[in-house]
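Please find below a short note on the model under review. The points are numbered for ease of reply.

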Amino acid sequence: MTVSLEQLRRCHVAVDLGAARTRVYVKGAGLVVDEPSVAAVNTRTGALIAVGTFAERMTGRTPDYIRVVRPVSGGTVIDIEMAQRMLRHLLGEKLRRALRRKPRLRAAACTPHDADPLAQRATVETLVGLGARRVELVDTLIAAAVGCGLPVEQPTATMIMVCGAAATQVAVLSLGSVVTAERIPVGGEAVDHAVVQHLRLAHELMLPSQAVRPLQLALHDSGITPDGPASTLIHGLDVATGLARSVHVDTAAVRDAIHTPLTAVLDGIGKVLRDCPPDLVADLTDRGIMMVGGSALLPGLDQMLRDATGMPVAIAERPDVCAVLGLGAMLEGTIAPMVLNHLAQ
């Protein structure tokens with residue numbers, strides 16, 4: 001399906017339902033919601049206990065009758081009812097009343113490039129259940145490219161890599177369309193799992209789920225490069241005794257553990273370049289790759305891509321919100337007037 005800029009300008013709200021975070025942009029108000037895509041439910045009564053940041057902090061810390069769920073996986077809604085309940089609470093009563101006052105509420109939503117009709121329908125039904133009379137679906141690759149200021153409407157190649165929690169999407173864009181694209185089922189969650197497994201096997205240390213990302217940030221701040229510090233102090237639980245223990249972790253070993261699952265991303269980039277016309281590949285020699293998405297800030301990922309491809313690699317200024325800001329720019333009509341031919345699937 002396709003959607004024009006004129007149709008998008010009639011929309012009132014833009015939604016980016018991601019596996020890690022949910023973001024909502026309201027026309028005229030800007031980004032109003034940026035919260036984790038998490039909900040906590042009482043299994044005895046069915047009541048929704050918490051959503052967003054508070055629900056995420058409850059992960060692994062709840063009694064048996066409280067279940068922490070993620071209704072979105074890989075950019076696809078897998079639990080429509082829970083996604084609707086989560087969005088209602090994230091929007092808040094005041095904002096919901098403002099949206100209900102619009103007689104024909106229109107919404108726009110990001111969908112992965114390879115989303116099948118069932119996944120698209122799940123996204124549409126989620127927003128229709130919140131009161132939207134019409135839902136426009138926009139390719140996440142196009143929205144993210146617009147959000148980080150890439151000249152997608154020009155007849156030159158633009159390469160973008162959307163680094164999500166569950167998957168990574170790589171594409172070459174030209175004249176407002178996706179020329180070639182590839183979805184790799186490796187994202188921030190796979191990297192988190194690789195770090196946890198490394199610490200468990202190499203140090204017999206069990207790292208709490210909430211501590212994985214702070215560990216990566218600590219490694220990034222201390223310089224996870226061959227010239228950086230040799231080790232970093234990590235706190236966790238001893239696998240054998242279950243007691244708290246601290247160990248000095250070799251940063252080079254952690255870097256190797258992080259890079260191992262990312263080799264699939266390099267294979268995906270190679271496939272995209274092989275399927276791309278030679279003239280567009282020549283453009284990419286100077287333009288390089290633009291990285292967006294919450295996982296674009298993984299330590300060492302940008303340098304790994306530079307070394308493997310020989311192309312310039314840049315990280316967007318606000319990589320985590322590029323997609324929803326791009327949708328917002330389309331709603332506000334602040335992008336170039338050139339018609340984008342294949343905004344949606």
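**Notes on the predicted model**

1. V239 sits in the loop that joins β15 (231-238) to β16 (244-250). The coordinates belong to a predicted model, and the points that follow should be read accordingly.

2. Is V239 buried or exposed? The residue falls in between: its relative accessible area is 37%, and it is termed partly exposed because the value lies between the limits of 20% and 50%.

3. V239 also contributes to a nonpolar surface patch, together with M206 and L237. The area of this patch is about 220 Å². Membership requires over 30% relative accessible area, a condition that V239 meets with 37%.

4. Elsewhere, five strands form an open sheet with mixed pairing, in the order β3-β2-β1-β9-β10. At its edges lie β3 (30-36) and β10 (134-139), each of which pairs on one side only. On average, neighbouring strands of the sheet are turned by 20° against each other, direction ignored.

5. How do β9 and β10 pair, and over how many bridges? Strand β9, residues 106-111, runs parallel to β10, and six bridges link the two. Within this pairing, A107 stands opposite V135 of β10.

6. Two helices lie across strands of this sheet. Helix α4 (residues 117-128) crosses β1 (13-17), β9 and β10, and its direction makes an angle of about 140° with β10. Helix α5 (residues 140-147) lies across β9 and β10, running at about 75° to β10. Strands β9 and β10 are thus covered in the description of both α4 and α5.

Methods:
Residues are numbered from 1 along each chain as its sequence is written. This is a predicted model: local features need pLDDT of at least 70, side-chain atom pairs count only at pLDDT 80 or more; totals for chains, interfaces and linings use all residues. Side-chain values use heavy atoms; hydrogens and water are left out. Two strands pair if DSSP finds at least two bridges between them. Helices (H or I, at least four residues) and strands (E, at least two) are DSSP runs, numbered from the N terminus. Axes are lines fitted to C-alpha atoms, for helices over the stretch in contact, and angles run from 0 to 180 degrees between N-to-C directions. Contact means heavy atoms within 4.5 Å. Patches are made of residues with over 30% relative accessible area and no salt bridge: like charges are joined within 9 Å, nonpolar side chains (Val, Leu, Ile, Met, Phe, Trp, Tyr) within 5 Å. Accessible areas come from the Shrake-Rupley method with a 1.4 Å probe; for residues, only the protein chains shown count as cover. A salt bridge is a side-chain nitrogen of Lys or Arg within 4 Å of a carboxyl oxygen of Asp or Glu. Buried means under 20% relative accessible area, exposed over 50%, partly exposed in between (1.4 Å probe, protein chains only).
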